[in-house]
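Student: I am new to this structure and would like to look closely at a single part before I try to take in the rest. Could you choose a place to begin, and then lead me outward from there?

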Amino acid sequence: MAMPKSLIDNTVAGKENSNEQTLLLKLFKMLFNVPPTKLSTDTVIDIINNTQEQVITKGTIDPESQKSLTSFYESAKLETVREEETLRKMLDIIHEVRNIRHQNIKSLLQSQRSSTFLKLLQVTATRMPVWFPKHDEQPPPLCGAIEPLPSYVAKSGDLVAALVKQSGEERWIVAEAVAFKNGRYEVEDIDVKETHRNFTLEKIYVKPLPLMRADPFTCPDALFPCNQFVLAMYPQTTCFFKALVKAPPKTSYDGYEVLFEDDFNQYTIMMVVSQRFVVSYPTSEIIHKDDEMIEF
């Protein structure tokens with residue numbers, strides 16, 4: 001006898017909740033390691049500062065003080081690395097928890113009314129992790145405005161911006177990547193109200209959405225600058241339109257302030273769109289190229 005789908009869904013949900021609780025418990029325990037680790041780092045830094053003040057007062061540095069300072073600097077470096085490792089492990093756990101909750105939201109999206117659907121879609125934007133560099137590390141592809149590598153293929157389940165033909169017109173929509181076969185994407189419109197939701201598209205008609213938020217303090221170059229044209233999702237819709245950036249995010253939690261361009265080359269009032277739903281504006285050749293878009 002086959003197991004009812006509702007029972008399967010409840011079993012999967014129960015397992016996900018159990019995994020989430022396990023991760024949260026692990027995170028809770030790790031939180032207790034942060035203050036002692038930071039205290040150890042701060043103690044070494046205080047010793048360094050005191051030693052340097054003594055050297056400045058003397059006006060010279062003797063071999064013993066030089067040896068001590070070198071030792072303290074090495075200790076401070078080790079303590080800092082240990083503190084960073086602890087914090088990054090915690091960020092990884094937070095990211096895993098967000099992924100679990102994101103999967104739960106995706107299942108809810110299929111059954112909610114329009115207003116709730118759009119609110120849940122915005123929640124996925126806030127769940128996107130913030131990228132933090134290690135030393136002089138450069139932001140990776142799909143962090144904020146950083147383009148993916150030419151060879152990159154969106155994974156099944158990832159959200160993308162897709163140029164499709166619906167109701168006799170071309171439009172950029174939020175879609176979910178289903179598969180990539182023979183150089184083409186199979187995507188599904190996330191808006192369940194649409195009659196035609198499944199499409200097979202050439203790669204040039206699909207733009208993967210960012211997977212990480214950029215922090216303007218640590219990597220401002222990973223954000224679209226002022227007065228640059230972008231594709232941005234119009235608020236309360238699942239469609240992308242041409243927009244002009246008037247202000248990039250001020251923090252990793254803020255969105256872009258943009259002006260959308262209408263059919264008469266005029267601009268709307270200022271609107272805010274999260275990093276998750278802003279991508280580079282495609283070339284005119286891609287927009288106007290009349291290639292086939294196959295529905296399946």
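Tutor: Let us begin with Gly255, which sits in the loop between β7 (239-247) and β8 (256-260). Please keep in mind throughout that this is a predicted model. Although Gly255 belongs to a loop, its relative accessible area is 14%, and because that value is under 20%, Gly255 counts as buried. If we set aside the neighbours within four places in sequence, Gly255 is in contact with Pro248 and Pro249, and also with Val272, Val273 and Ser274. A further link to that later stretch of the chain appears in the backbone, where the C-alpha atoms of Gly255 and Gln275 are separated by 5.6 Å, while the two residues are 20 places apart along the chain.

From this loop we can turn to the nonpolar interior. The largest nonpolar core has 48 residues, and Tyr256 is among those with the most contacts inside it, together with Val187, Leu201, Phe240 and Phe277. Strand β1 (residues 159-166) supplies the largest share of this core, namely six residues. In general, nonpolar side chains in soluble globular proteins tend to be buried together. Phe277 lets us see what such a residue touches: leaving out residues up to four places away in sequence, its contacts are Leu121, Gln122, Thr124, Ala125, Val174, Leu209, Leu231, Ala232, Met233 and Phe240. Another core lies apart from the largest one and has seven residues, including Leu27, Ile93, Val97 and Ile100.

The charged side chains give a second view, since the structure holds ten salt bridges. One of these joins Arg82 to Glu79, with the closest N and O atoms 2.8 Å apart. Both residues belong to helix α3 (residues 63-109), where a spacing of three residues amounts to about one turn of the helix. The two partners nevertheless fall into separate classes of exposure, because Arg82 is partly exposed at 39% relative accessibility, whereas Glu79 is buried at 17%. Helix α3 also contains Glu84 and Arg88, which are four residues apart, again about one turn of the helix, and their side chains meet in a salt bridge with an N to O distance of 2.9 Å. Here Glu84 is partly exposed at 23% relative accessibility, and Arg88 is likewise partly exposed, at 21%.

A further salt bridge brings together the side chains of Arg197 and Glu188, at 3.7 Å from N to O. In this pair Arg197 is the buried partner, with a relative accessible area of 16%, while Glu188 counts as partly exposed at 24%.

Finally, we may ask about the cysteines: how many disulfides does the structure hold? There are zero disulfides, and Cys219 shows how a pair can fail to qualify. The cysteine sulfur closest to that of Cys219 is in Cys143, at 4.7 Å, which is too far for a bond, because a disulfide requires the sulfur atoms to be within 2.5 Å. Cys219 is itself buried, with a relative accessible area of 5%, whereas Cys226 is partly exposed at 40%.

Key:
Residues are numbered from 1 along each chain as its sequence is written. This is a predicted model: local features need pLDDT of at least 70, side-chain atom pairs count only at pLDDT 80 or more; totals for chains, interfaces and linings use all residues. Side-chain values use heavy atoms; hydrogens and water are left out. A salt bridge is a side-chain nitrogen of Lys or Arg within 4 Å of a carboxyl oxygen of Asp or Glu. Helices (H or I, at least four residues) and strands (E, at least two) are DSSP runs, numbered from the N terminus. Buried means under 20% relative accessible area, exposed over 50%, partly exposed in between (1.4 Å probe, protein chains only). A nonpolar core is a set of buried Ala, Val, Leu, Ile, Met, Phe, Trp, Tyr and Cys residues joined through side-chain atoms within 4.5 Å. Contact means heavy atoms within 4.5 Å.
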